[in-house]
Amino acid sequence: MIVLTYNKKVSGVPLEKSKTGSVNSGKDLREKAWEHHRNGELAKAESLYKILIQTNPRDIDISNLGALMRKTNRTSDALELYKYWIKRGVCTGGLLGNAINAAIDTREVDLAKQWIKMGKETGNNVYKYELAECRLIEESGEQDMALMLVDKCIEKTRNIETLLAGGVMYAKSEKNLIALNYFKNVLEIEPKNCKAIANMITIYRDRGDHKDAESLISQIESSVKDDEHVQASIGYYEL
């Protein structure tokens with residue numbers, strides 16, 4: 001029941017609606033596609049993403065279409081999409097990050113390594129590619145090496161993303177005290193972080209720390225309780 005931080009977040013942000021309300025322009029089509037995506041209307045979103053990519057391809061549309069394909073269990077299709085566009089020079093951070101995750105999921109290890117190297121060489125948000133490398137090593141079964149590298153990554157770049165990744169990796173290795181510490185560090189930065197809260201509830205439940213679990217749950221605001229990850233963890237705790 002640990003809430004993984006990898007692969008869950010769909011790239012992209014909704015753009016402002018035009019004053020006309022028309023869906024004829026690329027901007028409005030993009031907004032409409034993202035609205036369908038957000039609302040779980042994935043077939044409609046996919047159709048619009050494909051129109052956008054055919055008429056005026058942008059990295060955000062390619063990235064979102066790939067994320068949608070992965071969400072609907074078509075990771076191999078997503079990988080082919082990413083390969084096609086990366087070969088054509090479309091390899092911005094968000095797209096490349098999604099592509100690396102798709103390569104890891106499909107066990108395209110050499111390709112994942114190649115793209116991680118490419119990402120690091122850009123010098124932008126290098127920690128994201130270091131986290132991807134940690135995941136690649138973890139997936140290969142080298143747990144201790146992966147944990148050592150994620151600790152180093154956190155030492156260099158201490159933010160919500162690295163701390164969550166560290167917490168998840170340590171929880172998966174059943175080193176729950178270290179995982180809890182990382183998740184608590186997240187809450188010091190962002191007290192309403194749903195993934196950290198959900199993971200903490202799960203760990204408390206697995207450890208039999210009912211007092212701590214109930215204390216945490218009692219402090220959660222209603223807006224946080226509405227989160228799907230938090231709801232799942234509370235449901236797991238109450239089993």
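Is R107 buried or exposed? In this predicted model, R107 is exposed, with a relative accessible area of 64%. A good way to meet the structure is to start from this residue, then step back to the overall fold, and finally look at how some of the helices pack.

R107 sits in the loop that links α5 (93-105) to α6 (109-122). Its backbone deserves a second glance: although R107 is not a glycine, its phi is positive, at about 60 degrees. Most residues other than glycine have a negative phi. N73 shows a positive phi of about 60 degrees as well, and N73 is not a glycine either. The loop between α3 and α4 is where N73 is found. With a relative accessible area of 72%, N73 counts as exposed because the cut-off for that class is over 50%.

Turning to the whole protein, the model contains 14 helices and zero strands. Read from the N terminus, the order of elements is therefore α-α-α-α-α-α-α-α-α-α-α-α-α-α. The protein has 239 residues, and buried residues make up 45% of them. Its accessible surface comes to about 12700 Å², and carbon and sulfur atoms account for 48% of that area. Contacts along the chain can also be sorted by sequence separation: among those between residues at least 6 apart in sequence, 50% join residues at least 24 apart.

The loop that holds N73 leads naturally to the two helices on either side of it. Helix α3 covers residues 59-71 and helix α4 covers residues 75-87, and their axes come within 7 Å, crossing at roughly 160 degrees. Because of this angle, α3 is roughly antiparallel to α4, the cut-off for that description being over 145 degrees. The crossing of α3 past α4 is left-handed. On the α3 side, the contact is made by I62, S63, L65, G66, A67, M69 and R70, while α4 contributes T75, D77, A78, L81, Y82 and W85. Sorted by class, the residues of this contact comprise eight nonpolar, three polar and two charged.

Helix α3 also meets α1, which spans residues 26-38. Here the axes come within 12 Å and cross at roughly 20 degrees, so α1 is roughly parallel to α3. This crossing, too, is left-handed. From α1, the contact involves R30, W34 and H37, and from α3 it involves I60, D61, N64 and L68. The class breakdown for the contact of α1 with α3 is three nonpolar, two polar and two charged residues. Taken together, α3 is roughly antiparallel to α4, whereas α1 is roughly parallel to α3.

One further loop residue completes the tour. D226 lies between α13 (222-225) and α14 (228-237), in the loop joining them. D226 has 57% relative accessibility and therefore counts as exposed. How far apart are the C-alpha atoms of D226 and C194? The two residues are 32 residues apart along the chain, and their C-alpha atoms are separated by 9.5 Å.

Key
Residues numbered from 1 in each chain as written. Predicted model: local features only at pLDDT ≥ 70, side-chain atom pairs only at ≥ 80, totals over all residues. Heavy atoms only, no water. Axes fitted to C-alpha atoms, helices over the stretch in contact; angles between N-to-C directions. Helix = DSSP H or I, 4+ residues; strand = E, 2+ residues; numbered from the N terminus. Parallel < 35°, antiparallel > 145°, perpendicular 65-115°, else oblique. Left-handed = near helix turned anticlockwise from the far one by under 90°. Contact = heavy atoms within 4.5 Å. Nonpolar A, V, L, I, M, F, W, Y, C, P; charged D, E, K, R; others polar. Buried < 20%, exposed > 50% of the residue type's maximum accessible area, 1.4 Å probe, protein only. Areas by Shrake-Rupley, 256 points an atom, 1.4 Å probe, with all protein chains shown as cover.
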